[in-house]
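Q: Please take a close look at one strand of this protein. Then place that strand in its wider surroundings.

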Amino acid sequence: MSALATTSGNLLINGRFLRGLWTRLEGAAISCPVWAQTFAADRWRVRYAAPAGGEVTQACAEDVPEGVAAENSLEIRGHDGVQHEVLVGQNIEADEAANYRSPLRFSAWLMCGHPSLSECEAALVLGSPTTPDVFDSSAETVLRTSLKNLPVNRWTSVELTIDAAAFRATGLRVELAFPATVLSHAGARVRITEVSLSRVATGLPVDRPPALERILARRFFQRHDGTNINAIGRALTCNPHELFFQFSFPEMRAAPACTLSQDNAELCVFSADGQPQSGFAYDAAFGARSTVIIRATKLRHQLRDGYLAFRGSRGAILLDAEL
């Protein structure tokens, strides 16, 4: 049995949304566009698997149920024009298959806020893991259980038991799904906290020490900024319009998903002799095993070589992957 199961019994990580594990969000609300996977609290993601509709927003909320040990809740804010369900969850590693392929107990605290509905609905969705930003038939749903008649504007504890013996041993996707009716209003919001998934045979899970929770959560997330790395790679390729920079790191077992700073002005290309070059746009052009390649684009930049560095406190490269 793995260290994750023996130390807690909870197969989910950071279910209490610890204050020190909001590295992606940095205290501000961020948009979750349609047809995308957006990260916030470490190990958690918002997945909006639809080709069209209005965006939702996620944020860190200090509101938690009275008497519950959770530090924060993850808040999903609705907006006009939401047309499809929004999913919130995380993946469980394949190494935990011996633990999740058994009778499981799911529990969470949910709060649905809506200006006109008298009750809300959600669903628990379990299936095969999804590739970041890919939504197709490979995202198989094995089980979907409706959570009906949730009261509005107050915290509610939900708990149910699942027979997961037939699930695959390739990892498990665990998500809460909120329909468009719950979030298709600018004043609507959903809050989630104290989330747990554990084997029925092990009894109720116990809280992991915060230090261990941080270690487990950050195995799937790294933040690289001016505090721990500056020049992150010489140019691999240089042509009149583009420069490609390689960022490598050890012990990666799966292809990373790279998210650049929301403000590209916080990254800067320097010439080989150290002169800053303005006007470049950045994106993650390619993600290979143990490598992220970042592309800096500017027409007729006339550089023969260069390097990429962070500028300012908010500049960062965010990596989401299995270490």
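A: What follows starts with strand 6 and then moves to the cores, a sheet and the cysteines.

The model is a predicted one. Strand 6 covers residues 86-92. It is mostly covered, with 7 of its 7 residues buried. Look at where the side chains go. V86, V88, Q90 and I92 point one way from strand 6. L87, G89 and N91 point the other way. Residues of both sets are buried.

Now look at the partners of strand 6. One is strand 3, residues 45-48. Strand 3 and strand 6 pair in the antiparallel sense, over 3 bridges. Here R45 stands opposite G89 of strand 6. Another partner is strand 11, residues 172-178. Strand 11 also pairs with strand 6 in the antiparallel sense, over 7 bridges. In that pairing, L87 stands opposite A177 of strand 11.

Next come the nonpolar cores. The largest nonpolar core has 50 residues. F106, L110, F178, L183 and L197 touch the most other members. Strand 7, residues 103-113, gives the most to this core, with 5 residues. Take F106 as an example. Leaving aside its neighbours within four places in sequence, F106 is in contact with L124, V158, E159, L160, I162, L176, V195, S196 and L197. There is also a second, separate core of 20 residues. Its members include C258, L267, Y282 and L303.

Further along the chain is an open sheet. It is formed by 3 strands in the order 18-17-21, with antiparallel pairing. The edge strands are strand 18 (276-277) and strand 21 (306-310), and each pairs on one side only. Strand 17, residues 267-271, is joined to strand 18 by 2 bridges. In this pairing, F270 stands opposite P276 of strand 18.

Last, the cysteines. How many disulfides are there? The count comes to 0. A disulfide needs two cysteine sulfur atoms within 2.5 Å. Try C112. The closest cysteine sulfur to that of C112 is in C120, at 4.0 Å, so the two are too far apart for a bond. C112 is buried, with a relative accessible area of 1%. Now try C238. The closest cysteine sulfur to that of C238 is in C268, at 15 Å, so this pair is also too far apart for a bond. C238 is partly exposed, with a relative accessible area of 29%.

Note on methods. Residues are numbered from 1 along each chain as its sequence is written. This is a predicted model: local features need pLDDT of at least 70, side-chain atom pairs count only at pLDDT 80 or more; totals for chains, interfaces and linings use all residues. Side-chain values use heavy atoms; hydrogens and water are left out. A nonpolar core is a set of buried Ala, Val, Leu, Ile, Met, Phe, Trp, Tyr and Cys residues joined through side-chain atoms within 4.5 Å. Buried means under 20% relative accessible area, exposed over 50%, partly exposed in between (1.4 Å probe, protein chains only). Helices (H or I, at least four residues) and strands (E, at least two) are DSSP runs, numbered from the N terminus. Contact means heavy atoms within 4.5 Å. Two strands pair if DSSP finds at least two bridges between them.
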